[in-house]
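This report describes the fold and selected residues of one protein chain. Please consult the sequence and the structure shown here alongside the text.

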Amino acid sequence: MTTDIIITIYNIEEKPEQQEILWECIDAVFSQSATFHLILVDNASTDDTYENLLAWQEDKRSLVTLRHFDQHMGTSAGRNSGYYASRN
């Protein structure tokens, strides 16, 4: 069984404390022994958040799905998008 993990993200490039929390969270996911699929949803960031996540995700495509909104849709829409992208 695969566990789907959804993380919504918005404009973290200019917020070092949020970047640190995000990478700690992602590191924690990757350190698990369980089978997982990570879904990162960028909620129309206006900084380089999406581009940087896209570059990071390049060699992890089998484990990570990256979704992107062109318009900020709010937290619930981001989570719902992640849910619909899940494999379960």
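The sections below treat the overall fold, the surface and charges, the aromatic rings, and several individual residues.

## Overall fold

The structure is a predicted model. The protein chain contains three helices and three strands, and these follow one another along the sequence in the pattern β-α-β-α-β-α. The radius of gyration is 12 Å, close to the 12 Å that the globule rule gives for 88 residues, so the chain is as compact as a globular protein of that length.

Along its principal axes, the C-alpha trace spans about 35 × 25 × 20 Å. Among contacts in the protein chain with a separation of 6 or more, 75% are between residues 24 or more positions apart.

## Burial, surface and charge

Of the 88 residues in the protein chain, 38% count as buried. The chain exposes about 5,500 Å², and carbon and sulfur atoms supply 48% of that area.

The charged side chains comprise 6 positive and 14 negative ones. The centres of these two sets lie 9 Å apart.

## Aromatic cluster

Four aromatic pairs are present in the structure. The rings of F30 and F36 have their centres 5.1 Å apart and their planes at 85 degrees, so this pair is edge-to-face. With a relative accessible area of 31%, F30 is partly exposed, whereas F36 counts as buried at 10% relative accessibility.

F30 also pairs with W56: the ring centres are 6.1 Å apart and the planes stand at 90 degrees, so this pair is likewise edge-to-face. F30 lies in helix 1 (residues 16-30) and W56 in helix 2 (residues 49-57), so the pair ties together parts that are 26 residues apart in sequence. Ring pairs link W23, F30, F36 and W56 into a cluster.

## Loop residues with positive phi

Most residues other than glycine have a negative phi. Two residues of this chain are described here for a positive value: phi of N11 is near 45 degrees, and phi of A44 is near 65 degrees. Neither N11 nor A44 is a glycine.

N11 is found in the loop between strand 1 (3-9) and helix 1. With a relative accessible area of 12%, N11 is buried. A44 belongs to the loop between strand 2 and helix 2, and A44 is buried as well, with a relative accessible area of 9%.

## N43 and its contacts

N43 lies in the loop between strand 2 (36-42) and helix 2. Its relative accessible area is 4%, and N43 is therefore buried, given that the term applies to values under 20%.

Which residues are in contact with N43, leaving aside its neighbours within four places in sequence? They are I9, Y10, F69, Q71, H72, M73, G74, T75 and G78. Of these partners, T75 is considered again in the next section, as a residue of helix 3.

## Two positions in helix 3

G82 is found in helix 3 (residues 75-85). At 0% relative accessibility, G82 counts as buried. Leaving aside neighbours within four places in sequence, G82 is in contact with I6, I39 and V41. The C-alpha atoms of G82 and I39 are separated by 6.0 Å, although the two residues are 43 residues apart along the chain.

T75 also lies in helix 3. Is T75 buried or partly exposed? At 42% relative accessibility, T75 counts as partly exposed. Leaving aside its neighbours within four places in sequence, T75 is in contact with T8 and N43. From C-alpha to C-alpha, T75 and T8 are 7.1 Å apart in space, while 67 residues separate them in sequence.

## Summary

The predicted model presents three helices and three strands in a β-α-β-α-β-α pattern. W23, F30, F36 and W56 are linked by ring pairs into a cluster. The loop between strand 2 and helix 2 holds N43 and A44; N43 is buried at 4% relative accessible area, and A44 at 9%. In helix 3, G82 is buried and T75 is partly exposed. Contacts of G82 include I39, and those of T75 include T8.

Terms used: Residues are numbered from 1 along each chain as its sequence is written. This is a predicted model: local features need pLDDT of at least 70, side-chain atom pairs count only at pLDDT 80 or more; totals for chains, interfaces and linings use all residues. Side-chain values use heavy atoms; hydrogens and water are left out. Helices (H or I, at least four residues) and strands (E, at least two) are DSSP runs, numbered from the N terminus. The radius of gyration is taken over C-alpha atoms; the globule rule is 2.2 Å times the number of residues to the power 0.38. Buried means under 20% relative accessible area, exposed over 50%, partly exposed in between (1.4 Å probe, protein chains only). Contact means heavy atoms within 4.5 Å. Accessible areas come from the Shrake-Rupley method with a 1.4 Å probe; for residues, only the protein chains shown count as cover. Lys and Arg count as positive and Asp and Glu as negative; His and the chain ends are not counted. The place of a charge is taken as NZ of Lys, CZ of Arg, CG of Asp or CD of Glu. Rings of Phe, Tyr and Trp (its six-membered ring) pair if their centres lie within 6.5 Å; planes under 30 degrees apart count as stacked, over 60 as edge-to-face and the rest as tilted.
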